[in-house]
Each structure stands twice: as C-alpha cells, then as structure tokens.
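Student: I would like a close look at a single part of this structure, namely how neighbouring helices are packed against one another. Please take me through it in one connected answer.

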Amino acid sequence: MNAGTDVAVDLETTPLIDEDLFCQIKDIPDIFSDIVESVQEKITILQQLRHEPVFTDRTLKSFSDAAHSLKSGMSVVGCTRLALLCGKIESLGKSGSNQNGMELIQIYDTYMVSVVQATMSELQSRLAVSAN
C-alpha cells in the first residue's frame, strides 16, 4: 500500500465527529460560527502556502505549522477526521526523514476540500438540530 492509499483508508475508517467530544461542546453559544471562523482562517493560510510557486523548507514548515494549528482546534471540538488529515499533512511538512513536499501537496489537494466540507456540513446539521 502506498501513502495515499493509507491516508484514504485512515480517513474512511475515522469518524467525522467524536461523539463524546461533540456532546461536550454542542451547547456552547456560537460554537458553530467560532469553528467556521477558525477553519476559514487556517484554510486561507494553507491555500496561500499551497499556491506558492516554489516549496522550500520554510514553506513546508509553515504548511506544517498551519496544519498543526487546525488539527489542534479540530481535535478540541471533536472533528476527528479533519484533525487526522491535518496531522498527516503536519507530519509531511516537518523537517526530518518524513518530510515530503510532493506527498503533502498530493494529500492536501486530494482530501482537504472534501473533508472540510463534510465536517462543516455534519457540524451544521447537528448543531441546527441541537439548537431546536
């Protein structure tokens, strides 16, 4: 199995939302808008980095740092699949033997939009239901 296949399997077998964590945060006022704002901020940074003409070690580190920040925020609110994806991207951007810019770009391009959309859609439907 290659790394792309491993990521696909990991994402497929990881729930979008951690039920226990979600239950702890679902009644926090304005939680959905806070999550949306945080995700948009981090994704904007990642998109800017993704469209750099050349990926340097510095670009990869910045990508890794932004993915780490998004991972941390999503872990706290129970968005496990998005946190997992960000963790994989973070790892590929870090300096060291696992650093792999080409794989980072491939995984980001292949999965980020769909995982963010699925996560936000699921959160919105759950939070709309819990608000009633």
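**Helix packing around α4**

Tutor: The crossing of α3 and α4 is left-handed. In this predicted model, helix α3 covers residues 31–50 and helix α4 covers residues 57–76, and the two pack at an angle of about 165° with their axes 10 Å apart. Since angles over 145 degrees count as roughly antiparallel, α3 and α4 are therefore roughly antiparallel to each other. On the α3 side the contact is made by Ile35, Val39, Lys42, Ile43, Ile45, Leu46, Leu49 and Arg50, and these face Thr59, Ser62, Phe63, Ala66, Ala67, Ser69, Leu70 and Met74 of α4. Sorted by class, the contact of α3 with α4 holds eleven nonpolar, three polar and two charged residues.

Helix α4 also packs against helix α5, which spans residues 80–93; here the axes come within 8 Å and cross at roughly 155°. By the cut-off already used, α4 and α5 are therefore roughly antiparallel to each other, and their crossing is left-handed. From α4, the residues that make this contact are Leu60, Lys61, Phe63, Ser64, Ala67, His68, Leu70, Lys71, Met74 and Ser75, while α5 contributes Leu82, Ala83, Cys86, Gly87, Ile89, Glu90 and Gly93. By class, the contact of α4 with α5 divides into nine nonpolar, five polar and three charged residues. Reading the two contacts together, Phe63, Ala67, Leu70 and Met74 of α4 appear in the contact with α3 and again in the contact with α5.

Two residues of the α5 side deserve a further word, and Cys86 is one of them. Cys86 is buried, with a relative accessible area of 0%, and Cys79 is likewise buried, at a relative accessible area of 0%. A disulfide is a covalent bond between the sulfur atoms of two cysteines. The sulfur of Cys86 lies 10 Å from the closest cysteine sulfur, that of Cys79, which is too far for a bond, given that a disulfide requires the sulfur atoms to be within 2.5 Å. Cys79 is accordingly in no disulfide, and the count for the model comes to zero disulfides.

The other residue is Leu82, which belongs to the α5 side of the contact with α4. Leu82 and Gln117 are 35 residues apart in sequence, yet their C-alpha atoms are 9.9 Å apart in space. Gln117 lies in helix α6, residues 101–131, and Gln117 is exposed, with a relative accessible area of 53%.

Terms used. Residues numbered from 1 in each chain as written. Predicted model: local features only at pLDDT ≥ 70, side-chain atom pairs only at ≥ 80, totals over all residues. Heavy atoms only, no water. Axes fitted to C-alpha atoms, helices over the stretch in contact; angles between N-to-C directions. Helix = DSSP H or I, 4+ residues; strand = E, 2+ residues; numbered from the N terminus. Parallel < 35°, antiparallel > 145°, perpendicular 65-115°, else oblique. Left-handed = near helix turned anticlockwise from the far one by under 90°. Contact = heavy atoms within 4.5 Å. Nonpolar A, V, L, I, M, F, W, Y, C, P; charged D, E, K, R; others polar. Buried < 20%, exposed > 50% of the residue type's maximum accessible area, 1.4 Å probe, protein only.
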